[in-house]
Amino acid sequence: MKYNHRLLLKGNEAAVYGALLAGCDCYFGYPITPASEIAQAAALLFPKLNRTFVQAESEIGAINMVIGASSVGHRCMTASSGLGISLKQEGVSYLAGYEIPAVILDITRGGPGLGNIGPEQADYFQVVKGGGHGSYCNFVFTPNSVQEMCDMTVEAFRISEKYRMTAYVMADGVIGQMMESVELPEPATDVYDPEWKLGRYVDGKANIITSLYMEHDDLEAHNEKLQRKYREVEAKEQSCETYRTDDAELVIVAYGICSRIGRGAVDQLRAEGIKAGLLRPRLVWPFPVDALRKIVSDGNAKALMSLEMSAGQMIEDIKLAVECKLPVFLCNRMGGNVPGGDEVCAAAKKIMKELSK
Amino acid sequence: MSDKVKFGRSKVFFDPFERRPGPIKKNMHYCPGCGHGILHKLIAEAVGESGIQDKTIIISPVGCSVFVYYYFNMGSISVPHGRAPAVATGASRANPENFVISYQGDGDLAAIGFNEFIQAANRGEKISVFFVNNSNYGMTGGQMAPTTLPGQITTTSPYGRNPETDGFPTKVCEIINQLEAPVYIERVALTSTANILKAKKAVAKAIENLRERKGFSLVEVLSPCPINLKMSADQVNKFIDEKMTQFFPLGCIRDRSAATPAGNLPPAIIRDPEAVKSMLLPGVSENSGAADASKFEIFQKERRVKICGFGGQGVLSLGLNLANMGRLSKLNVSWMPSYGPEQRGGAASCAVIVSSGAISSPMVDRDCDLLVAMTQTGLNKFRHVLGKNGILVYDRSAMKPPVVEATQKVFGLDALAIANSVGNPKCANSAIIGALSKILRENGFSEAEEQAFDAAYQDAITENFAAKPAVLKQNLEAFAAGKKAALA
């Protein structure tokens, strides 16, 4: 039998297909707009493969079910939006302390508070900077298409297991809600059976998982170990896409839907004689520091512009990366408004005009 | 690993407690007179006798028993405060061969984690919960608990628990007894040899239910905490027997163990790649007529469509049909709805982009090639997005002929009337797509492109209504009628 791998799916649905094809056994989640299609698709599809779907009583319940399923050595995931991610942060901090893998989808919406259900990218701080208590990091994939919602979910499982860390797939409501044609990958055939899982005995002693280190020196050593791992990840796993940056005088930095608007704006600006380019982080942690520093050292860029649907959150990481060697401007919308190509171009032109003074 | 221990240490315990840091490896960390050690022993013995040690996972809560994993040689995870029943749910659902014990104190279970607890009970998770009620928060130094008695002095109720402001003690077993799912609920005490023997039986029953996967079992254990209650061992036992049991009467509250059949393991997870694909992916149709449109001149640039109207008119599904036609013709497509409360009854719109190359932004806020307006309000809102050489198609029954710029083209269609003529008002979409076939043929489509468009429609609608041949037929008729009407 031949199967059609090419489907028309919402971003949210594509992530569920990606998870199942990556070998995810369990989904635990609580419905929230604009992420609800994830729970709905999971409720429909997981049982077809005799896999587990549980509608958790709360976001807190869901992340702790993930802890339970991951601790016994099964691929599992949860999904939510900003408000729900706020509630999950306790569990995410524990996951970091335990050093066990987990995949979380965050389909971001407007905040603070109840905000609205429009697309914002204002979860950057709470997801990229850890979010819960303690010094820890999470992988954060930032898909900009429905295809990537699927592919990056697959990648999130792999990298999360490799480093025993939480991997987020963080997409704005536009990417979650839009439909595109998707080419689905082949199902995973590997056997996932981690040696650290609960239920396994090593030399007659049962495995245990804890984040508790009562001796100060022990906890410090644990933290140092985690930090060494994070530095290794930063050195090895940065990933971004550049578009027409080679001779660009203005480089737009954008992820998610903003990166697609930014790409259109680059073409429009080039047509008007402005040398613009785009740097699109595929992950925002680890942040593509090396690529940004290369843009600085190449010497063509006169400025960077962070294009975001927040009050300016990623811009802080851009500034840290370029170490004051280039001016960094912000072009943003909030409240669920998506920046239009025209306004991005206008902002870019204004920056170039000011710089030429 | 089954063994019956009458004297000495259960083999379910480590001997010595090598995971306990510091020099003391022979004893537990609990205070003199504390009940945790007794309950640990009862659990270890019951697990040993039931022979499930190697598959049992015991969850360490936050509280005095946070170090459960120092003592039991069983899989163990120390979890966030109060969340043990949720973690237990995940561990037990992910691997139903596991036997999962949630061991919790009264702050953990009855205060900060009450929701996780009651929800797991209500779902009838196949876990056993041991709930240690010692009427105070032991680990943090004897603060008020949900189970603290009225008038009882603790470090955060220095004037005594005041029911007017602090409420009355939480009767966990009685609350859980209101739920349908739990199999076994019993309250015991660790105050005398007789009571400890009763507790031993209750613990054994909860472990047996676990082994047989019968469902949710709860054993509440009234447990002495002489240090924080500032009492001698005798005094604290007297306090439990005489004072605590007034609020927390001992005994079996529900036992459906005998009447509940042993649970079965669920069917194995499907992992075989071919089986996975057969469940997730549609089969490739043998007689697909859609052409590869990616080489067509017209799709060498993005073709941008906006559809607007009223929720319920099929605005979103018209867009979906076009997007599916593009997908089946091997083009890249995007479909972007306006989403939110407005989609339930108010204005609705969606954007569709079709291209052989990559699609930039899925939004259509300018340079629109084709605008389909099904209401006047929709047209008013979106007419500015229509590009200089764009085509406007409107529902003639909904509005007067709109005026467009000289370079733009406008076509009216009575889509609803056509749909009604085939007997299904929901076929207006197909009538519009039929009309589009002809309109686009007159505005840029080659003959081959027109044929490919029609074939793609046929494939898309067949895929959509494969299970409803009557509806499929109506749609095909509406398409033909729409095409004919556009000719007129």
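The expected span of a helix is 1.5 Å times one less than its number of residues. Helices (H or I, at least four residues) and strands (E, at least two) are DSSP runs, numbered from the N terminus.

The exercises use a predicted model, in which local features need pLDDT of at least 70, side-chain atom pairs count only at pLDDT 80 or more, and totals for chains, interfaces and linings use all residues. Residues are numbered from 1 along each chain as its sequence is written, and chains are lettered from A and ligands numbered from 1 in the order in which they are written.

**Exercise 1. Helix H3 of chain A**

Compare the expected span of helix H3 (residues 59-71) of chain A with the distance between its end C-alpha atoms, and state whether H3(A) is enclosed.

Step 1. H3(A) has 13 residues, and at 1.5 Å a residue these should span 18 Å.
Step 2. The end C-alpha atoms of H3(A) are 18 Å apart, which agrees with the expected span.
Step 3. A residue is buried if 20 or more other C-beta atoms lie within 10 Å of its own, exposed if 12 or fewer, and partly exposed in between, with C-beta atoms placed from the backbone. In H3(A), 13 of the 13 residues are buried, so the helix is largely enclosed by the rest of the structure.
Step 4. A:Gly73 follows H3(A) and has a positive phi, near 85°.

**Exercise 2. A sheet within chain A**

Give the strand order of the open sheet of seven strands in chain A, and find its edges.

Step 1. The order is S3-S2-S4-S5-S7-S6-S15 (chain A), with mixed pairing; two strands pair if DSSP finds at least two bridges between them.
Step 2. Strand S3 (52-55) and strand S15 (283-285) of chain A are at the edges; each has a single partner strand, so one side of each is left without a neighbour in the sheet.
Step 3. From one strand to the next, the twist averages 20°. Axes are lines fitted to C-alpha atoms, for helices over the stretch in contact, and angles run from 0 to 180 degrees between N-to-C directions.
Step 4. Strand S2 (residues 26-29) and strand S4 (residues 76-80) of chain A run parallel and are joined by two bridges. A:Cys26 has A:Cys76 in S4(A) as its bridge partner.
Step 5. Helix H2 (residues 36-45) of chain A lies across S2, S3, S4 and strand S5 (102-108) of chain A, at about 140° to S2(A). Helix H6 (residues 146-163) of chain A lies across S5, S6 and S7 of chain A, at about 160° to S7(A).

**Exercise 3. The loop between S5 and H5 of chain A**

Decide whether A:Arg109 is buried or exposed, and describe its surroundings.

Step 1. A:Arg109 lies in the loop between S5 and H5 of chain A.
Step 2. With 28 other C-beta atoms within 10 Å, A:Arg109 is buried.
Step 3. Two residues are in contact if their C-beta atoms, placed from the backbone, lie within 7 Å. Leaving aside neighbours within four places in sequence, the contacts of A:Arg109 include A:Pro34, A:Ser81, A:Glu120 and A:Gly173.
Step 4. A:Asp123 is 14 residues from A:Arg109 in sequence, and their C-alpha atoms are 8.2 Å apart.
Step 5. A:Pro112 is also placed in the loop between S5 and H5 of chain A. The peptide bond from A:Gly111 to A:Pro112 is cis, with omega near 0°.

**Exercise 4. Chain A against chain B**

Describe the contact between the two chains, then the strand pairs that cross it.

Step 1. Chain B gives 59 residues to the contact and chain A gives 67 residues.
Step 2. On the side of chain B that touches chain A, H2(B) gives the most, with eight residues.
Step 3. By class, this side of chain B has 33 nonpolar, 18 polar and eight charged residues. Ala, Val, Leu, Ile, Met, Phe, Trp, Tyr, Cys and Pro count as nonpolar, Asp, Glu, Lys and Arg as charged, and the others, Gly among them, as polar.
Step 4. Strand S8 (residues 179-183) of chain A pairs with S9(B) in the antiparallel sense over two bridges, and A:Glu180 stands opposite B:Ser334.
Step 5. S11(A) and S2(B) run parallel, joined by two bridges; here A:Ile208 stands opposite B:Ser76.
Step 6. An open sheet of eight strands has the order S11(A)-S2(B)-S1(B)-S3(B)-S4(B)-S6(B)-S5(B)-S7(B). Its edge strands are strand S11 (208-209) of chain A and strand S7 (251-255) of chain B.
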